[in-house]
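Here's a quick briefing for anyone meeting this structure for the first time. Take a look at the model, then read on for a tour by topic.

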Amino acid sequence: AHYYSAQADSYLAQSKEHAQMAEGYKANPAINNSKFSKGTVGHCEYFAQSFKEMSTKAGEMAQMHSQMAKDAEQK
């Protein structure tokens with residue numbers, strides 16, 4: 001459970017980092033063009049969403065393992 005909880009935190013931090021990078025790229029007029037947007041900004045947005053989903057799944061695994069540990073203690 002601790003492992004999955006740590007993974008969830010790590011994935012969420014990576015998601016936030018990629019989201020911030022995407023926003024930074026969008027705000028920079030020198031590099032904000034359609035070609036750059038499709039490549040780099042799209043890349044950052046994709047990974048921000050992917051890491052967010054992975055964080056959610058790892059959090060669910062942490063809860064499941066925590067419950068299994070509680071159930072095992074009661075037996």
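Let's start with Ser15, which sits in helix H1. Keep in mind that you're looking at a predicted model. Ser15 is buried, with a relative accessible area of 6%, and it makes a handy way into how helix H1 and helix H2 meet.

**Ser15 and its surroundings**

- What does Ser15 touch once its neighbours within four places in sequence are left aside? The contacts are Ala48, Phe51 and Lys52.
- Ser15 has company: the buried residues of H1 are Ala8, Tyr11, Ser15, His18 and Ala22.
- As for what sits over these buried residues of H1, the cover includes helix H2, residues 34-74.
- Here's a bit of background on helices: an α-helix has 3.6 residues a turn, so residues three or four places apart point the same way.

**Helix H1 from end to end**

- Helix H1 runs over residues 2-27, which makes 26 residues.
- At 1.5 Å a residue, H1 should span 38 Å, and its end C-alpha atoms are indeed 38 Å apart, so the two figures agree.
- His2 belongs to helix H1, and at 73% relative accessibility it counts as exposed because the cut-off for that is over 50%.
- His2 and Gly59 are 57 residues apart in sequence, yet their C-alpha atoms are 9.9 Å apart in space.
- Tyr25 is also in helix H1, and this one is partly exposed at 28% relative accessibility.
- How far apart in space are Tyr25 and Gln67, C-alpha to C-alpha? They are 42 Å apart in space, and 42 residues apart in sequence.

**How H1 and H2 pack**

- When two helices pack, the pair is described by the angle between their axes and the distance between the axes.
- Here, H1 and H2 pack at an angle of about 160 degrees, and their axes are 7 Å apart.
- Are the two helices roughly parallel or roughly antiparallel to each other? An angle over 145 degrees counts as roughly antiparallel, so H1 and H2 fit that description.
- The crossing of H1 past H2 is left-handed.

**More buried spots on H1: His18 and Ala22**

- His18 lies in helix H1 and counts as buried, with 15% relative accessibility.
- Not counting residues up to four places away in sequence, His18 touches His43, Cys44, Phe47, Ala48 and Phe51.
- Ala22 is another H1 residue, and at 1% relative accessibility it counts as buried.
- Which residues does Ala22 touch, if you skip those up to four places away in sequence? They are Val41, Cys44 and Glu45.
- Ala22 and His43 are 21 residues apart in sequence, with 8.3 Å between their C-alpha atoms.
- Ala22 and Tyr46 are 24 residues apart in sequence, and here the C-alpha atoms are 9.7 Å apart.
- Tyr46 itself is in helix H2, and it is exposed, with a relative accessible area of 53%.

**Salt bridges**

- As a general point, side chains of opposite charge can pair when their charged atoms come close.
- How many salt bridges turn up in a search of the whole structure? The search finds two.
- One of them joins Lys26 to Glu23, where the closest N and O atoms are 3.6 Å apart.
- Both Lys26 and Glu23 are in helix H1, three residues apart, which is about one turn of the helix.
- Lys26 also meets Glu45 in a salt bridge, at 2.6 Å from N to O.
- Glu45 is in helix H2 while Lys26 is in helix H1, so this pair ties together parts that are 19 residues apart in sequence.
- Are Lys26 and Glu45 buried or partly exposed? Lys26 is partly exposed, with a relative accessible area of 35%, and Glu45 counts as partly exposed at 35% relative accessibility too.
- Put together, Glu23, Lys26 and Glu45 are linked in a network of salt bridges.

Terms used:
Residues are numbered from 1 along each chain as its sequence is written. This is a predicted model: local features need pLDDT of at least 70, side-chain atom pairs count only at pLDDT 80 or more; totals for chains, interfaces and linings use all residues. Side-chain values use heavy atoms; hydrogens and water are left out. Helices (H or I, at least four residues) and strands (E, at least two) are DSSP runs, numbered from the N terminus. The expected span of a helix is 1.5 Å times one less than its number of residues. Buried means under 20% relative accessible area, exposed over 50%, partly exposed in between (1.4 Å probe, protein chains only). Contact means heavy atoms within 4.5 Å. A salt bridge is a side-chain nitrogen of Lys or Arg within 4 Å of a carboxyl oxygen of Asp or Glu. Axes are lines fitted to C-alpha atoms, for helices over the stretch in contact, and angles run from 0 to 180 degrees between N-to-C directions. Angles under 35 degrees count as roughly parallel, over 145 as roughly antiparallel, 65 to 115 as roughly perpendicular and the rest as oblique. A crossing is left-handed if the near helix is turned anticlockwise from the far one by less than a right angle, and right-handed if clockwise.
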